[in-house]
Structure formats: structure tokens, C-alpha cells
Amino acid sequence: MKQWIAWLMLLLAAFTSTAAHAADGAPHQAQAVKVTTLSTMLTDYGTLGEWGFAALVEVDGRRILFDTGANPDTVLKNAEALKIDLSSVEEVVISHFHDDHTGGLLTLRKALMQKNPAALSHLYVGEGIFAPRYGKDGQSGTENDFPALAKAYLDTGGRIQQLSGPAEIASGIWLTGPVPRGHDETNWNPGLTVKTGGQLVPDTLREDTSLVIATASGVVIVTGCGHAGIMNIADAAQTITGDARLHAVIGGIHLFAKPDAVLIATAGRLKGLAYLLGAHCTGIEATVRLRELLALDRRTAVIAAVGSSFTLGKGIAAGQIAGWTG
Ligand SMILES: [Zn+2]
Ligand SMILES: [Zn+2]
């Protein structure tokens with residue numbers, strides 16, 4: 001009899017740790033959330049800027065690195081400057097194949113595994129990231145460096161989990177995997193192609209994956225370059241969590257070169273958003289315009305600097321240079 005109870009409890013534990021909903025039917029919600037920018041263009045004292053993105057995501061004690069910056073040692077140096085120890089971070093997400101998001105992966109893994117062999121040992125990517133990319137001539141097929149990087153990463157003992165759709169990697173923390181493209185946002189620099197059924201078709205960065213956190217205040221989205229389009233990502237976040245309330249968007253949403261009409265349409269979809277920490281390819285002008293369109297202010301719509309952060313319940317800490325000192 002006692003054994004039965006033990007088995008039941010084990011089963012229940014397994015169910016509640018992997019299911020999207022708790023035993024009472026309510027969706028999982030994260031309690032403590034902090035996202036800290038580790039790579040973007042704007043810097044603060046003692047840190048390095050670059051065209052790239054990386055952020056440390058901390059949710060209820062779970063620590064996940066989302067993207068790894070462009071240059072091999074930027075994130076490592078910035079974490080040291082900010083006195084953030086990354087060696088206990090065991091999971092890493094690479095949002096898409098572009099090297100301004102993959103550049104630090106190997107350096108970080110090799111440096112951190114000396115302190116903790118499991119550091120950055122579990123890599124999540126979206127399906128499509130390995131696809132060869134071709135120039136318009138269809139000849140080269142060598143524009144994607146990710147397969148070679150992945151091989152070097154596997155050689156360090158890391159493992160790669162490829163996602164074909166949404167996955168809840170911890171209670172209330174989701175990765176979107178490839179995002180349905182209901183809105184035609186074409187949010188990338190065109191030019192490369194992929195092969196589908198022997199035909200060359202434009203590369204839409206199908207693998208582009210964002211991180212979604214369900215909270216009592218609404219959904220928090222962390223995105224690398226937002227190539228899937230932030231409207232599409234918002235739709236996906238809503239579908240995944242069942243929550244239509246957008247609380248915070250953090251990261252790159254690739255609007256820097258978009259005309260005003262696109263910013264207006266984007267703000268329409270993001271209506272009700274409480275916080276925007278616009279990093280990397282969001283663009284400075286676009287962040288300021290979205291602030292206006294979303295009726296946010298200098299505390300709630302901020303251009304991210306290295307070290308700037310968002311904390312659930314507290315809002316954005318902009319750092320000393322990025323627009324708000326309280
Ligand atoms: Zn990109
Ligand atoms: Zn990028």
C-alpha cells in the first residue's frame with residue numbers, strides 16, 4: 001500500500017513538472033523573473049557594446065542564457081564587469097543562426113565548464129537552424145556557420161535539443177520554437193535562400209525562437225532579433241500561455257529600419273504592454289516611437305544598455321546611461 005502511494009506521488013510529481021497546467025487546472029505562472037542584458041550596442045561603465053544580443057534570464061531560481069552575443073568574448077567580459085557569475089547557468093538558447101547571436105557560445109562554454117562541467121551544457125534551438133543558406137545564385141550554400149559551431153559545441157560534451165514547436169522547459173517558462181507567421185512582418189534582411197523540395201525559396205529564419213514567461217501580470221517575452229515578427233511572437237505567446245495580456249517585451253525586435261506605418265501597426269498589436277526594454281535591432285528611434293504610441297514613458301520603454309534589466313514587480317533598471325536614473 002505504501003509503495004502504491006509512493007508511486008502515485010512520483011507520477012504526480014512527473015506530471016506537474018512537465019504539464020502546462022498545474023493539478024488544479026490553472027496554467028503555471030512564474031513568481032520571480034529577472035532578465036539582464038549582457039550584449040547590445042549601448043554600453044554602461046566598464047562594459048562592451050556590439051551589434052548583437054544576449055541576456056541572462058532568471059526565473060524562480062532557474063538561470064538560462066538567451067543568445068550569446070556577437071564577438072567571442074563580449075558576454076564573458078560583460079558578465080565579469082557586472083559581477084554576474086554564469087557558471088551555474090546550465091541551459092542556453094540560440095534564437096537563430098545569425099552570428100551576432102551565436103558568437104560567444106564556444107568561448108562561454110569552454111570558460112564556464114572549467115568551474116562547472118554542466119555549464120551551458122544544454123542548448124536549445126528551433127528547427128530550421130541547420131538548413132544550408134544559399135545566395136541568390138543558389139550556388140554556395142555556405143552562408144550558415146551554425147552547423148560547424150554546433151559540431152564544435154557537441155565536441156565539448158554539450159547536447160542540443162531541437163524544437164519543432166512550443167516547449168515548456170520549466171514551470172511557466174516556454175520556448176516558442178518556430179513561430180507561425182500570420183502577420184506578414186518580413187522582419188529580416190532579405191537576400192539568402194533555403195532549399196525546399198529542390199526549389200530555392202527566400203530564407204524566412206524559420207527557426208527564430210523566443211522565450212515566453214507566464215506570470216500573474218501577463219506574458220513576458222524575451223526575443224533575440226525578433227525575425228519571426230513581434231506581432232507573430234505575441235500571437236504565439238498568447239496561444240502558448242492562454243493569456244492575452246502582454247506585460248513585457250525584452251530584446252531585439254528588428255524595427256530599426258521600418259517605416260512609421262509598421263511601428264503604428266506593431267503598437268496596435270502590442271496594446272496594453274507595460275514594459276519595453278528595446279535592445280539590439282529594435283533601434284533607438286523605433287523604441288522612442290513605440291514609447292509614444294504605447295503611451296509608455298522613460299521608465300517603462302527604455303533603450304537597453306549592457307547591464308540594464310527587467311524585474312517582475314519592479315520594472316526596468318536602465319543602468320546609468322540608458323535613459324532613467326529614478
Ligand atoms: Zn538575426
Ligand atoms: Zn541580431
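Here is a short walk through this predicted model, one selection at a time.

**Stop one: the eight-stranded sheet**

Start by showing strands 1 to 6 together with strands 16 and 17. These 8 strands make an open sheet in the order 6-5-4-3-2-1-16-17, and the pairing is mixed. At the edges you'll find strand 6 (159-163) and strand 17 (315-317), each of which pairs on one side only. Ignoring direction, neighbouring strands in this sheet are turned by 20° against each other on average.

Now pick out strand 17 and its partner, strand 16 (residues 309-311): the two pair in the antiparallel sense over 3 bridges. Click on T311 and look across to strand 17, where G315 is its bridge partner.

Next, bring up helix 5 (residues 146-155). Helix 5 packs on this sheet and touches strand 4 (91-93), strand 5 (122-126) and strand 6. Its direction makes about 135° with that of strand 6.

**Stop two: strand 2 and its partners**

Stay with the same sheet and select residues 54-59, which are strand 2. Is this strand enclosed or open? Of its 6 residues, 5 are buried, so strand 2 is largely enclosed by the rest of the structure.

Add strand 1 (residues 33-39), which pairs with strand 2 in the antiparallel sense over 6 bridges. V33 has V59 as its bridge partner here. Then add strand 3 (residues 62-66): strand 3 runs antiparallel to strand 2, with 5 bridges joining them. To see one such pairing, select L56 and L65.

Which residue takes a positive phi in the hairpin of strand 2 and strand 3? Zoom in on D60, with its phi near 45°; the hairpin has 2 residues between the strands.

**Stop three: the seven-stranded sheet**

Hide all that and show the other open sheet, with 7 strands in the order 7-8-11-12-13-14-15 and mixed pairing. Strand 7 (167-170) and strand 15 (301-303) stand at the edges with a single partner strand each, so one side of each has no neighbour in the sheet. Neighbouring strands here are turned by 20° on average, direction ignored.

Select strand 8 (residues 173-175) and strand 11 (residues 211-215), an antiparallel pair with 3 bridges. W174 stands opposite V212 of strand 11. Then find helix 8 (residues 284-293), which lies across strand 14 (275-278) and strand 15, running at about 170° to strand 15.

**Last stop: a surface patch**

Finish with M41, W51 and F256, which make a nonpolar surface patch of about 290 Å². F256 sits in the loop between strand 13 (246-251) and helix 7 (260-269). With 40% relative accessibility, F256 counts as partly exposed.

Terms used: Residues are numbered from 1 along each chain as its sequence is written. Chains are lettered from A and ligands numbered from 1 in the order in which they are written. This is a predicted model: local features need pLDDT of at least 70, side-chain atom pairs count only at pLDDT 80 or more; totals for chains, interfaces and linings use all residues. Side-chain values use heavy atoms; hydrogens and water are left out. Patches are made of residues with over 30% relative accessible area and no salt bridge: like charges are joined within 9 Å, nonpolar side chains (Val, Leu, Ile, Met, Phe, Trp, Tyr) within 5 Å. Accessible areas come from the Shrake-Rupley method with a 1.4 Å probe; for residues, only the protein chains shown count as cover. A salt bridge is a side-chain nitrogen of Lys or Arg within 4 Å of a carboxyl oxygen of Asp or Glu. Helices (H or I, at least four residues) and strands (E, at least two) are DSSP runs, numbered from the N terminus. Buried means under 20% relative accessible area, exposed over 50%, partly exposed in between (1.4 Å probe, protein chains only). Two strands pair if DSSP finds at least two bridges between them. Axes are lines fitted to C-alpha atoms, for helices over the stretch in contact, and angles run from 0 to 180 degrees between N-to-C directions. Contact means heavy atoms within 4.5 Å.
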